[in-house]
Amino acid sequence: MLVSAKEMLTKARDGHYAVGQFNINNLEWTKSALQAAQECNSPIILGVSEGAGKYMTGFKTVAAMVKAMVESMGITVPVCLHLDHGSYEGAKACIEAGFSSIMFDGSHYSIEENIAKTKELIELANAKGISLEAEVGSIGGEEDGVVGAGEVADPAECKMIADLGVTMLAAGIGNIHGKYPANWPGLRFDALEKIHEITAGVPLVLHGGTGIPDEMIKKAISMGVSKINVNTECQLAFAAATRKYVEAGKDLEGKGFDPRKLLAPGAAAIVDTVKEKMEMFGSVGKA
């Protein structure tokens, strides 16, 4: 049974911890994330970008796979299946496909158009009992072809979007997708403080969680961030473990070439990475 992110994020906000969104790319990714959540007794949000959805042959396939895995693995912690950085059309498609949460990224539109489209999608989401994340001020870096300059959101615009009744709000505070450059100046806590104050308790989302120092993450959580997105870090852990396996010649030993064996070290590395993040976010034991 998939759930919306509303209850888990309200609890996180009130309990001063954050729920991790871990992006999934295939069966191994999904299985590893769910296993880590169950072992940590933590709620989890599984994020799916439009590119990853397409790669897995469509949103209906993803929803069916996640629902079946939750059942077959005996997962008892709250699991939310969420569209990450969705377009207007993508958000509608995920509502139909059975996702329990959507993100509409209207940050590249004018604020008027962002409001109009967000408003319409909130009505559709509410009718199905699913949560909605909106975005103001694009997040820096690149994710599946969506490029943002790492700007800082205008608190007044954040309030306009928050007042529409969104479940959660992603606001740019100098964060970046992917690896952070050496000259990155850090999160803009002054902006976060203003945004948190003006949006009256709407759970805030921090995108680009990979590479932000732990103390900055913890400070952001203490200032109203209730959801943190992690993607690149799991990809790097998976790639490093897979490289190690191949470079050690394990794929040439016996049936080491079997994809189940070849992908196992990478899948285990994702479990470890997700658990580490859940510990740091403070969501362990909060299911």
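Here is a short back-and-forth on two helix pairs in this predicted model.

Me: What makes helix 6 roughly parallel to helix 7?
Reply: Helix 6 (residues 111-128) and helix 7 (residues 155-162) pack at about 20°, with axes 10 Å apart. Angles under 35 degrees count as roughly parallel, so helix 6 gets that label against helix 7.

Me: And which hand does the crossing of helix 6 and helix 7 have?
Reply: Right-handed.

Me: Which residues meet where helix 6 touches helix 7?
Reply: Helix 6 brings Ile-111, Asn-114, Ile-115 and Thr-118, and helix 7 brings Glu-157, Met-160 and Ile-161. Sorted by class, that contact has four nonpolar, two polar and one charged residues.

Me: OK, on to the other pair. Why is helix 4 called oblique to helix 5?
Reply: The axes of helix 4 (residues 59-72) and helix 5 (residues 88-97) cross at roughly 40° and come within 9 Å. Under 35 degrees would be roughly parallel, 65 to 115 roughly perpendicular and over 145 roughly antiparallel, with the rest oblique. The roughly 40° crossing therefore makes helix 4 oblique to helix 5. The hand of this crossing is right-handed.

Me: How do you know what helix 4 and helix 5 put into their contact, by class?
Reply: Start with the residues: Phe-59, Lys-60 and Ala-63 in helix 4 meet Gly-90, Ala-93, Cys-94 and Ala-97 in helix 5. Tallied, the contact has five nonpolar, one polar and one charged residues. Lys counts as charged and Gly as polar, while Ala, Phe and Cys count as nonpolar.

Notes: Residues are numbered from 1 along each chain as its sequence is written. This is a predicted model: local features need pLDDT of at least 70, side-chain atom pairs count only at pLDDT 80 or more; totals for chains, interfaces and linings use all residues. Side-chain values use heavy atoms; hydrogens and water are left out. Axes are lines fitted to C-alpha atoms, for helices over the stretch in contact, and angles run from 0 to 180 degrees between N-to-C directions. Helices (H or I, at least four residues) and strands (E, at least two) are DSSP runs, numbered from the N terminus. A crossing is left-handed if the near helix is turned anticlockwise from the far one by less than a right angle, and right-handed if clockwise. Contact means heavy atoms within 4.5 Å.
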